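Subject: Structure handover and notes

Dear colleague,

I am passing on the structure below, together with some notes on helix packing and aromatic contacts. Please read the notes alongside the coordinates.

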Amino acid sequence: MEDDKADIYTKDGTVDFYKKPANKDKTGTWKACRFILVTECCERLAYYGMGTNLVNYLTTRLGLDNVAASNSVTNWSGTCYITPLLGAFLADSYLGRYWTIATFSSIYVLGMALLTMSASIPGLKPECVDDVCHPTSSQTATFFAALYLIALGTGGIKPCVSSFGADQFDESDETEKKKKSSFFNYFYLSINIGAMIASSVLVWIQMNVGWGWGFGVPAVSMAVAVVFFFVGTSLYRIQLPGGSPLTRICQVLVACMKKVNIEVPSDKSLLYETDDNESNIQGSRKLEHTDKFRFLDKAAVATESDENVKPWSLCTVTQVEELKSVIRLLPIWATGIVFSTVYSQMSTMFVLQGDTMDQHVGPNFKIPAASLSLFDTLSVIFWAPVYDLIIIPIARKYTKNERGFTQLQRMGIGLVISIFAMVVAGSLEVSRLNYVRKNNLYDEKTVPMTIFWQVPQYFLVGCAEVFTFIGQLEFFYDQAPDAMRSLCAALSLSTNALGNYLCTALVTIVANVTTRNGGLGWIPDKNLNRGHLDYFYWLLAILSLINFFAYILIANWYTYKKVVGKSP
């Protein structure tokens with residue numbers, strides 16, 4: 001009877017909302033995940049519905065020039081991917097994933113509400129006459145305050161929702177463990193459903209109905225996301241926070257500094273480790289010793305003064321290997337920054353380029369330039385199952401790898417595809433500018449070339465995303481220490497932030513250098529017909545090529561982590 005009673009509870013340490021052991025029959029699995037999936041779909045609809053066409057709002061309503069608008073979008077987008085580091089730290093260390101999502105999603109809703117008011121309420125929205133708007137400094141400040149409130153809100157959601165969904169399946173139950181992989185497939189699908197609606201329906205509303213409705217619908221969608229999340233509360237399994245990973249990292253560094261003059265023994269068995277089968281770090285398996293970064297092993301060298309083990313003087317091998325794992329991830333992480341810079345073009349330069357082309361579909365309908373990001377979404381929806389169902393089985397025959405490609409190989413393929421995406425975008429801009437020159441259309445707002453010539457570059461970016469971004473998330477999850485997975489997931493997301501910041505820096509440098517002698521530069525303030533956006537695309541292609549060669553060297557150097565003991 002005792003065994004039967006024990007079997008009704010999860011064995012992975014999760015509890016219910018009332019901090020009682022989670023009952024398998026009453027909590028978790030798909031009955032809880034349906035609320036999480038709806039929450040993610042609605043949140044992504046809100047985020048992309050507000051962010052996809054943001055560059056056009058900044059140029060048409062706030063009067064920013066092309067460079068300033070592009071930089072504002074990439075700075076804000078970058079911040080949206082930096083704040084997850086804060087959210088992940090709070091989730092892993094103090095709040096847990098449930099309360100982190102609950103707290104930050106409420107902030108998110110407040111930001112969306114303020115953004116909607118800034119675009120719809122007289123006094124808060126800019127006054128416009130004949131499509132020329134005159135925003136006041138307070139109106140601009142209110143708009144950007146709302147944007148960065150949203151950036152803070154999204155920081156607690158991005159690194160936590162997918163992991164919180166995975167928490168609903170007991171790792172120690174084989175039946176539930178198999179369902180967990182299906183959850184990630186549906187989770188990614190929910191993201192793209194939200195993005196698809198945003199880049200099609202919501203962008204059209206913004207350009208044809210009005211910005212008040214265009215921002216209001218995403219705000220309502222985010223409110224629905226919060227409601228659905230809270231409605232499922234009684235069904236959730238909650239993983240309690242396991243302590244600060246940053247504290248453990250600092251302990252290793254401090255212990256190393258204290259023992260800077262001590263020699264590391266050649267016999268690794270002399271390094272300190274607990275005698276138990278499991279690690280003394282909650283939620284983590286033991287890690288085997290690796291030879292790289294041997295200086296850090298000083299923290300695990302026991303001395304006479306360590307007779308009474310103190311965490312700031314003596315650390316276990318597993319704790320040292322945690323830090324080594326993170327350090328090994330950093331070079332791989334760094335190569336994702338240039339890729340994210342390429343990815344960020346979809347919300348900046350691709351949109352500005354599309355604004356100069358013929359957007360008509362038939363005699364009466366115009367497709368907004370930002371809506372072409374729909375083809376990126378469709379590309380992801382197309383390539384994700386193709387990769388799983390076709391590419392992996394074919395690759396498996398040649399590589400003998402169960403996954404078809406290693407995660408590092410998969411990411412490398414995506415980097416190559418991103419180079420071709422920039423080459424295609426640059427080639428299109430060369431053709432567009434040649435048409436402008438031949439027909440003397442320098443001062444025309446649009447060139448009679450259909451905007452659908454942009455589809456290949458969007459489709460290639462989507463294909464690259466399936467290889468690199470998904471491969472990156474999987475790689476960081478597998479290679480991260482067990483008790484630092486939320487933080488490493490946020491670290492993976494932060495490449496998007498730095499990619500956006502790098503884009504801002506590149507645009508600023510290019511604008512300053514190319515206008516130094518009084519010229520209009522590669523990216524003119526108002527009229528791309530008199531610029532050379534193609535040169536900017538070539539620059540990104542060259543940087544991506546250099547980045548790829550650096551990636552090859554780093555990938556060959558990388559040492560995979562080695563785990564001992566049972567799963568947590």
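Leaving aside residues up to four places away in sequence, Ile-249 touches Leu-323 and Met-484. Please keep in mind that this is a predicted model. Ile-249 belongs to helix α9, and with a relative accessibility of 15% it counts as buried, because the cut-off for that class is under 20%. Asn-547 stands 298 residues from Ile-249 in sequence, and the two C-alpha atoms are 29 Å apart in space.

The contact with Leu-323 is part of a helix pair, in which the axes of α9 (residues 245-258) and α10 (residues 317-343) come within 9 Å and cross at roughly 105°. Since angles of 65 to 115 degrees fall in that class, α9 is therefore roughly perpendicular to α10. On the α9 side the contact is formed by Arg-248, Ile-249, Gln-251, Val-252 and Leu-253, which meet Gln-319, Val-320, Glu-322 and Leu-323 of α10. By residue type, the contact of α9 with α10 divides into five nonpolar, two polar and two charged residues.

Turning to the aromatic side chains, the structure holds 38 aromatic pairs. In one of them, Phe-229 and Phe-230, the ring centres are 5.8 Å apart and the planes stand at 70°, so the pair counts as edge-to-face. Phe-229 is buried, at 3% relative accessibility, whereas Phe-230, at 35%, is partly exposed. The pair of Trp-522 and Tyr-535 is edge-to-face as well, because its planes are at 80°, with ring centres 5.4 Å apart. Trp-522 lies in the loop between α15 (485-514) and α16 (533-557), while Tyr-535 lies in helix α16, so this pair ties together parts that are 13 residues apart in sequence. Both rings belong to partly exposed residues, with relative accessible areas of 24% for Trp-522 and 35% for Tyr-535.

Phe-229 and Phe-230 also appear in one aromatic cluster, whose other members are Phe-17, Tyr-18, Tyr-98, Trp-99, Phe-164 and Tyr-236.

Finally, which charged ends sit over the ring of Tyr-47? The charged end of Arg-44 does so at 4.4 Å from the ring centre, and the charged end of Lys-158 likewise sits over the ring of Tyr-47, 4.4 Å from its centre.

With best regards

Technical notes: Residues are numbered from 1 along each chain as its sequence is written. Side-chain values use heavy atoms; hydrogens and water are left out. Axes are lines fitted to C-alpha atoms, for helices over the stretch in contact, and angles run from 0 to 180 degrees between N-to-C directions. Helices (H or I, at least four residues) and strands (E, at least two) are DSSP runs, numbered from the N terminus. Angles under 35 degrees count as roughly parallel, over 145 as roughly antiparallel, 65 to 115 as roughly perpendicular and the rest as oblique. Contact means heavy atoms within 4.5 Å. Ala, Val, Leu, Ile, Met, Phe, Trp, Tyr, Cys and Pro count as nonpolar, Asp, Glu, Lys and Arg as charged, and the others, Gly among them, as polar. Rings of Phe, Tyr and Trp (its six-membered ring) pair if their centres lie within 6.5 Å; planes under 30 degrees apart count as stacked, over 60 as edge-to-face and the rest as tilted. Buried means under 20% relative accessible area, exposed over 50%, partly exposed in between (1.4 Å probe, protein chains only). A charge sits over a ring if NZ of Lys or CZ of Arg is within 6 Å of the ring centre and within 35 degrees of the ring normal.
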